[in-house]
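Dear colleague,

Please find below the structure I agreed to pass on, together with its sequence. My notes on it follow, and I would be grateful if you could read them with the structure open.

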Amino acid sequence: MTPIRLLLVDDDPLVRAGLALMIGGAEGIEIVGEAADGGEVGALVDRTRPDVVLMDIRMPAVDGLTATELLRARADAPQVIVLTTFHADEQVLHALRAGAAGFVLKDTPPDRIVDAVRRVAAGDPVLSPAVTRQLMRHAAGTGADTRRTRARTRLAALNDREREVAVAVGRGLANAEIATGLFMSVATVKTHVSRILAKLGLNNRVQIALLAYDAGLLEE
């Protein structure tokens, strides 16, 4: 099996060393490089071709938010997991909206960080429904009316079935749960999710969830 290629980005050398020690011995994961600042990430990604980037959100020169936005705008973008010390932080929300596949806290146990890397590499976002709700509550308020109008305009591109799937994704349901609730096959759910991502120009299910929340669909 081809190992998952992982890039570590953190301005603290002790944190990078600790992550390398924790993750380096995990089966099926290869650390292909380290960066101390977001400004180094683009060139390093070109050189090492990682599948996943574990990205510190707060760095003194180019922060993780900017680096994530630049990475996720690329056609061959690797998946990004945000590394942070906060559960609910505006920068974390911005990174998720920019296309990060989820986040882990810096005090997360090593086995869960390894699991997060594997899940993201397999295409699954790392964001539990409970944490999603916490982040969404944190987002409520500033600019909420403007976000709602924009989100509803974007979601108008979906048909009724796709809209139902988008709401289910926003509620944190897995494909099997959506299939049961909407009386369709898992394969059909996956097709709908893929179409939603394509129609709305989104990167992952986390962005679908945030857009559904912004539009007020989870309140209906």
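With which side chain does the side chain of Asp-10 make a polar contact? The partner is the side chain of Lys-106, at 3.2 Å. Please bear in mind that this is a predicted model.

**The surroundings of Asp-10 and Asp-56**

Asp-10 sits in the loop that links strand 1 to helix 1. Its relative accessible area is 0%, so Asp-10 counts as buried, the cut-off being under 20%. Besides the contact with Lys-106, a polar atom of the Asp-10 side chain is found 2.8 Å from the backbone nitrogen of Asp-12. Apart from neighbours within four places in sequence, the residues in contact with Asp-10 are Val-15, Arg-16, Ala-35, Ala-36, Asp-56, Met-59, Leu-83 and Lys-106.

Asp-56, which appears in that list, belongs to strand 3. In sequence Asp-10 and Asp-56 are 46 residues apart, while their C-alpha atoms are 5.0 Å apart in space. Asp-56 is buried as well, with a relative accessible area of 2%. The side chain of Asp-56 has a polar contact of 3.4 Å with that of Lys-106. Again leaving out neighbours within four places in sequence, Asp-56 is in contact with Val-9, Asp-10, Asp-11, Gly-64, Leu-83 and Lys-106. Lys-106 thus has polar contacts with the side chains of both Asp-10 and Asp-56.

**The sheet**

Five strands form an open sheet with parallel pairing, in the order 2-1-3-4-5. Strand 2 (29–35) and strand 5 (102–105) are at the edges; each has a single partner strand, so one side of each lacks a neighbour in the sheet. On average, and ignoring direction, neighbouring strands of the sheet are turned by 25° against each other.

Strand 1 (residues 4–9) is joined to strand 2 by six bridges in the parallel sense. Within this part of the sheet, Leu-7 stands opposite Gly-33 of strand 2. Helix 1 (residues 13–24) lies across strand 1, strand 2, strand 3 (52–56) and strand 4 (79–84). The direction of helix 1 is at about 170° to strand 2.

**Helix 8 and its neighbours**

Helix 8 covers residues 160–170. At its N-terminal end Asn-159 acts as a cap, with a side-chain oxygen 3.1 Å from the backbone nitrogen of Arg-161. Just after the helix, Gly-172 has a positive phi of about 85°.

The buried residues of helix 8 are Glu-162, Val-165, Ala-166, Val-167, Ala-168, Val-169 and Gly-170. Among the elements that cover them are helix 9 (175–182), helix 10 (186–200) and helix 11 (205–214).

Two packed helices are described by the angle between their axes and the distance between the axes. For helix 8 and helix 11 the angle is about 100° and the axes are 8 Å apart. Helix 8 is therefore roughly perpendicular to helix 11. At this contact, Ala-166, Val-169 and Gly-170 of helix 8 meet Arg-205, Ile-208, Ala-209 and Ala-212 of helix 11. Sorted by class, the contact consists of five nonpolar residues, one polar and one charged.

With kind regards

Conventions: Residues are numbered from 1 along each chain as its sequence is written. This is a predicted model: local features need pLDDT of at least 70, side-chain atom pairs count only at pLDDT 80 or more; totals for chains, interfaces and linings use all residues. Side-chain values use heavy atoms; hydrogens and water are left out. Two strands pair if DSSP finds at least two bridges between them. Helices (H or I, at least four residues) and strands (E, at least two) are DSSP runs, numbered from the N terminus. Axes are lines fitted to C-alpha atoms, for helices over the stretch in contact, and angles run from 0 to 180 degrees between N-to-C directions. Contact means heavy atoms within 4.5 Å. Buried means under 20% relative accessible area, exposed over 50%, partly exposed in between (1.4 Å probe, protein chains only). A polar contact is a pair of N or O atoms within 3.5 Å; within protein, one must be able to donate a hydrogen and the other to accept it, and residues adjacent in sequence count only if both atoms are side-chain atoms. Angles under 35 degrees count as roughly parallel, over 145 as roughly antiparallel, 65 to 115 as roughly perpendicular and the rest as oblique. Ala, Val, Leu, Ile, Met, Phe, Trp, Tyr, Cys and Pro count as nonpolar, Asp, Glu, Lys and Arg as charged, and the others, Gly among them, as polar.
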